[in-house]
Amino acid sequence: MKYINYPHTSLYLEKLIEDRDFLDLRNYALDNNVPIMNVETKEFIKTILINQKPKSILEIGTAIGYSALVFEKYTNAEITTIELDPKAAEIAKKNFKINDKNINLINKDAQKALDDLHQGFDFVFIDANKAHYIEYFEKTSKLINDGGIIIADNVLFKGMVLNDDYVDKRMITIVKRLRNYLAYVMDRDDFQSAVIPIGDGLTLSIKE
């Protein structure tokens, strides 16, 4: 396992945090190799949401619905989430129903779905095809309200983005595009952005 922080730091934080959110879904994800938010990442975003109190949230990359349920639990916001994979979307819908949550799921290619949205959002979470993070950010930057936050997950990609020595040759294209994404986000004058080296790496961008 590659860490983007010192290994002893990550291990300490894993032991320190008591995860109480939808443990059945986290266990399902672990058992079925479904990528969901790292616990450290979830706790960080939870703190942001509790403080910001967004009324409208957009998520790109639903998977089994774990993160959308976390967002709803700590905000009661109106949530729209986009998922391309029909099997994952169906599982997410079932999880929303089991938890009695009214979350709007769009089963469609994200770039096409974003073109059909016009609602102003207070918070956007990007966790989908990493090769298209720039496109996702560009489109959601037009949908988010002033003062809103865009967070993108997995931007350091198991440390590969940080150092060529870590790069799996099969992932070279994704790594290059994530590096381009980081440069793009940090260069935008209309957003105040930071790279947060927890979990698998986040960018946090506030629209000015």
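Trainee: Which residues of helix H7 are buried in this predicted model, and do they line one face or scatter around the axis?

Mentor: H7 covers residues 133–141, and its buried residues are Tyr 133, Tyr 136, Phe 137, Thr 140 and Ser 141. Look down the axis of H7 and these residues fall within an arc of 125 degrees, so what they line is one face of the helix.

Trainee: Okay, on to the sheet. Which strands stand at its edges?

Mentor: Seven strands make up an open sheet with mixed pairing, in the order E3-E2-E1-E4-E5-E7-E6. Two of them have a single partner strand each, so one side of each is left without a neighbour in the sheet: E3 (104–107) and E6 (191–196).

Trainee: How many bridges join E2 to E3?

Mentor: E2 spans residues 78–83 and runs parallel to E3. Within this pair, Ile 82 stands opposite Ile 106 of E3. The number of bridges is four.

Trainee: What angle does the direction of H4 make with that of E1?

Mentor: H4 (residues 66–75) packs on the sheet and touches E1, E2 and E4. E1, H4 and E2 also make up a right-handed β-α-β unit. The angle between the directions of H4 and E1 is about 165 degrees.

Trainee: And which residue of E4 stands opposite Ile 57?

Mentor: Ile 57 belongs to E1, where it points the other way from Ser 56, Leu 58 and Ile 60, and all of these are buried. On the E2 side, Ile 57 stands opposite Ile 79. E1 also pairs with E4, in the parallel sense over four bridges, and there the residue opposite Ile 57 is Phe 123.

Methods: Residues are numbered from 1 along each chain as its sequence is written. This is a predicted model: local features need pLDDT of at least 70, side-chain atom pairs count only at pLDDT 80 or more; totals for chains, interfaces and linings use all residues. Side-chain values use heavy atoms; hydrogens and water are left out. Buried means under 20% relative accessible area, exposed over 50%, partly exposed in between (1.4 Å probe, protein chains only). Helices (H or I, at least four residues) and strands (E, at least two) are DSSP runs, numbered from the N terminus. The arc is that of the directions from the helix axis to the C-beta atoms. Two strands pair if DSSP finds at least two bridges between them. Contact means heavy atoms within 4.5 Å. Axes are lines fitted to C-alpha atoms, for helices over the stretch in contact, and angles run from 0 to 180 degrees between N-to-C directions. A crossover is right-handed if, with the strands pointing away from the viewer, the path from the first strand over the helix to the second runs clockwise.
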